[in-house]
Amino acid sequence: FNPDLSGLYAVGSYSSSVGLFVSSTDELLLVFHGGHKGGVTQVQFSPDGRYLFSGARKDGEIACWDIRNTCNVLWRCTREANTNQRIGFDIDKTGRYLLSGSRDGLVYVFDLMHEGALISKVARQDDAVNGVHLHPHLPLFASASGQRSYDLQFDDTSSDASEEKEEE
C-alpha cells in the first residue's frame, strides 16, 4: 500500500507486469509493462509514495517507476539475481538507501538519491541472500540466506560395464 495515504496499492504478477489499484474500489488504474524479464516477486513504494520499486525472478534488476509519470522505468538497481528464488529488498525510512539480497551471497546497497547507484556490497554469506529487512529506527538490517541443495549420488557403473559382465 502506498504510504502517502492515497489509497493506492501495487500488485506484481507472474506475467512480468505490475498493476496499480485503488483500494476503495479495487479498480485497476494502470499496468506497468516492460520492466522485468521474470515474474514480479516484490513491489514496494518509497516512503514518500512517489516511486514504486519492483523486483522479479531471474531478473538482476530492481526497476524504479515514478507513479506520477509511469510510461517508462526511471532507472534500475542492478544486482546478482538470476535465480528462481525470490530475492528480497528493502528501502530505509528516509528513502535514501535500498538494500537488496543477491544470488552471490552479498547484500547490495544502492543510493536512491543518485539514480540507484551501487555504493557498497556487504555481509558476505555462504549462500544466496534471499531476504533483507531494515530496522525501522536503528541503523541495522537483518538478512536471510540459503537455498535448497541436493547431494546427488551418482552410480559410477555404466550400462556398458554391466553388459560386459553378462557376456563373460
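In this predicted model, the side chain of S16 places a polar atom 2.9 Å from the backbone oxygen of G38. S16 itself belongs to the loop that runs between strand 1 (8-12) and strand 2 (18-22), and with a relative accessibility of 14% it falls below the 20% limit, so that it is counted as buried. When neighbours within four places in sequence are left aside, the contacts of S16 are made with H36, K37, G38, G39 and V40; G38, the residue whose backbone oxygen is approached by the side chain, is thus one of the residues in this contact list.

Strand 2, which follows the loop that holds S16, contains V18. The relative accessibility of V18 is 1%, and this residue is therefore classed as buried. Outside the window of four places in sequence, V18 is in contact with A10, V11, G12, L30, V31, F32, V40, V43, L52 and S54. One of these contacts, L30, is separated from V18 by 12 residues in sequence, with a C-alpha to C-alpha distance of 8.4 Å. V40 appears among the contacts of V18 and also among those of S16.

The strand that carries V18 takes part in an open sheet of 3 strands, in which the order is 1-2-3 and the pairing is antiparallel. Strand 1 and strand 3 form the edges of this sheet, each of them pairing on one side only. Averaged over neighbouring strands and with direction ignored, the turn of one strand against the next amounts to 25°. Between strand 1 and strand 2 the antiparallel pairing extends over 5 bridges, and L8 has V22 of strand 2 as its bridge partner.

In the segment that precedes strand 1 lies N2, for which a relative accessibility of 5% is obtained, so that this residue too is assigned to the buried class. The side chain of N2 reaches the backbone nitrogen of D4 at a distance of 3.0 Å. Residues up to four places away in sequence being excluded, N2 touches L8, F45, G49 and I67, and L8 is also the residue that is bridged to V22 in strand 2. A further relation across the chain is given by N2 and S46, which are 44 residues apart in sequence while their C-alpha atoms are separated by 8.2 Å.

The arrangement of aromatic side chains was examined next. A pair of aromatic rings is described by two quantities, namely the distance of the centres and the angle of the planes. On this basis a count of 5 aromatic pairs is reached. In one of them, F1 and Y9 are tilted with respect to each other, the centres being 5.3 Å apart and the planes enclosing an angle of 45°. The two members of this pair fall into separate accessibility classes, as F1 is exposed because its relative accessible area is 72%, whereas Y9, at 16% relative accessibility, counts as buried. Another tilted pair is formed by F32 and W65, with 4.7 Å from centre to centre and 45° between the planes. This pair links distant parts of the chain, since F32 is situated in strand 3 (residues 27-32) and W65 in strand 6, 33 residues apart. Both F32 and W65 are buried, and F32 is in addition one of the residues in contact with V18. Ring pairs also join F1, Y9 and F21 into a cluster.

Two residues that are not glycine adopt a positive phi, and both are located in loops. K58, with a phi of about 50°, is placed in the loop between strand 5 (51-56) and strand 6 (61-66). Its relative accessible area of 46% lies between the limits of 20% and 50%, and K58 is therefore described as partly exposed. For E115, phi is likewise positive at about 50°, although this residue is not a glycine. E115 occupies the loop between strand 10 (107-111) and strand 11 (117-122), and because its relative accessible area is 58%, and thus over 50%, E115 is classed as exposed.

Conventions:
Residues are numbered from 1 along each chain as its sequence is written. This is a predicted model: local features need pLDDT of at least 70, side-chain atom pairs count only at pLDDT 80 or more; totals for chains, interfaces and linings use all residues. Side-chain values use heavy atoms; hydrogens and water are left out. Helices (H or I, at least four residues) and strands (E, at least two) are DSSP runs, numbered from the N terminus. Buried means under 20% relative accessible area, exposed over 50%, partly exposed in between (1.4 Å probe, protein chains only). A polar contact is a pair of N or O atoms within 3.5 Å; within protein, one must be able to donate a hydrogen and the other to accept it, and residues adjacent in sequence count only if both atoms are side-chain atoms. Contact means heavy atoms within 4.5 Å. Rings of Phe, Tyr and Trp (its six-membered ring) pair if their centres lie within 6.5 Å; planes under 30 degrees apart count as stacked, over 60 as edge-to-face and the rest as tilted. Two strands pair if DSSP finds at least two bridges between them. Axes are lines fitted to C-alpha atoms, for helices over the stretch in contact, and angles run from 0 to 180 degrees between N-to-C directions.
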